[in-house]
Structures are given as C-alpha cells and as structure tokens.
Amino acid sequence: METGDGVPVSSRVSAKIQQLVNTLKRPKRPPLREFFVDDFEELLEVQQPDPNLPKAEGAQMVAMRGEQLGVVTNWPPSLEAALQRWGTISPKAPCLTTMDTNGKPLYVLTYGKLWSRSVKVAYNLLHKLGTKQEPLVRPGDRVALVFPNNDPGAFMTAFYGCLLAEVVPVPIEVPLTRKDAGSQQIGFLLGSCGVTVALTSDACHKGLPKSPTGEIPQFK
C-alpha cells in the first residue's frame, strides 16, 4: 500500500486506520427497538399455579365491622403535637414500660420524660453538630437509629427527637460482630439513604464491636 506520493505505508498503520474508520461507521447509539421490549403478550398469559405448592388450610378469614370510633374534636393534628400535649398535661403518666424475660417491669418511661428528652435530642441534632454557618444536620436529612432491642425507651426518645427536628429516622439492626450477615449491608443502606449521623445510647456504643486499638470498625 502506498500514499499519494508513492511512500509505502506499513500494514500495521493501515490496519489501525481501517479499525478507526469501522468504528466511526458504527452507530453511536443502538437502535430504538433495542430499548423497548414488547412484553404485552406475556402479560396476557395467565400464570398457572405450581401444583407442588402447599395448599391453604383452615377457614377463610372474613372482615368484621367493629364498633364506631368516637369522634374527638380536639384531637392533636400530628404525633409531635400529641406528644407535646400529653407531655405537658400528664407528664407522670406512663408511656412505655420495659419488661424483663420474666415479665417484671424494669423501666418506665413517662410522657413528661419522653417529651423533655425528645426536645433535647432535636435541639442537639440541629444546633450542636457542625457549626452555625454549616450545620451537620438540616431538616429533611436522614439520621440512623442504632439501638438494641432491649432498650426501646432510648429508641423511642431518639425517634420522636428526629420527628421534632424534622429529620427522617432510619432504624438499623445493631451489628453484634463484624461477621454478622447484616453488618455487611449497613454501609450500603446508610450510603443509599444519605445518612451521615447515627444516634445511639451509651450502653449500645460501648457494646459495639471494636478493633484491638479500641476503635469502632468502619463498615464499608
């Protein structure tokens, strides 16, 4: 192969030029028919039940009409308003009772304590994290709640604190060890939700798995 001036051209260069020409000739985008799959006929097909599936047992459930609910004119318009009302009107009334395995009460959370502690949590979330110019948490953000199952009082306080701060609480399972199956998914869950702050209790924070240096391991 020669150029217009009669200078020979190596076959390797000509092959690269030909490859470039072929690439430019290809359509940059696949045709539209590859983007759309007409599965209308499949939708019309009636799915036949698997004969190996176990048969339903027992009588068929029937919905029953219960008693008419009483209409309350001064009902609080939201959960936050209801918490504020009962926290100020009946502060000593029990709201939540934690029981042990034998059914004995361990801890009683009153409406007054729930209201005051939730307000404190909301204030710390909005005003104690970051700086005044650049707060770490803003209304509308998502905050993770890391609490064990045996501490519902702390979880409830953090949950209502998030509602008062107008942030979205995201409850997650507490990782007992780094080898837990669920712990490998925590990072993906928090990242997909855009979570940057986690609320937890003192006891739960001390019980989290730690590295030999005493630091809490980072979950990817």
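Here are three short exercises on this predicted model, each with a worked solution. Residues are numbered from 1 along each chain as its sequence is written, and side-chain values use heavy atoms, leaving out hydrogens and water. Local features need pLDDT of at least 70 and side-chain atom pairs 80 or more, while totals for chains, interfaces and linings use all residues.

**Exercise 1.** Work out how the chain is laid out in helices and strands.

*Solution.* Start with the tally: 7 helices and 5 strands. (Both are DSSP runs numbered from the N terminus, helices being H or I with at least four residues and strands E with at least two.) Then read along the sequence, and you get α-α-α-β-β-α-β-α-β-α-β-α.

**Exercise 2.** Place Thr110 and decide whether it is buried or exposed.

*Solution.* First, find strand E2, residues 105–110, which holds Thr110. Next, check its relative accessible area: Thr110 is buried because the value is 15% (buried is under 20%, exposed over 50%, partly exposed in between, with a 1.4 Å probe and protein chains only). Last, skip neighbours within four places in sequence; Thr110 then contacts Pro91, Lys92, Ala93, Pro94 and Cys95 (contact means heavy atoms within 4.5 Å).

**Exercise 3.** Track down the aromatic cluster that includes Phe147.

*Solution.* The whole structure has 3 aromatic pairs (Phe, Tyr or six-membered Trp rings with centres within 6.5 Å; planes under 30 degrees apart are stacked, over 60 edge-to-face, the rest tilted). One of them is Phe147 with Phe155, edge-to-face at 6.3 Å and 80°. Another, Phe159 with Tyr160, is edge-to-face at 5.9 Å and 90°. Put together, Phe147, Phe155, Phe159 and Tyr160 form one cluster.
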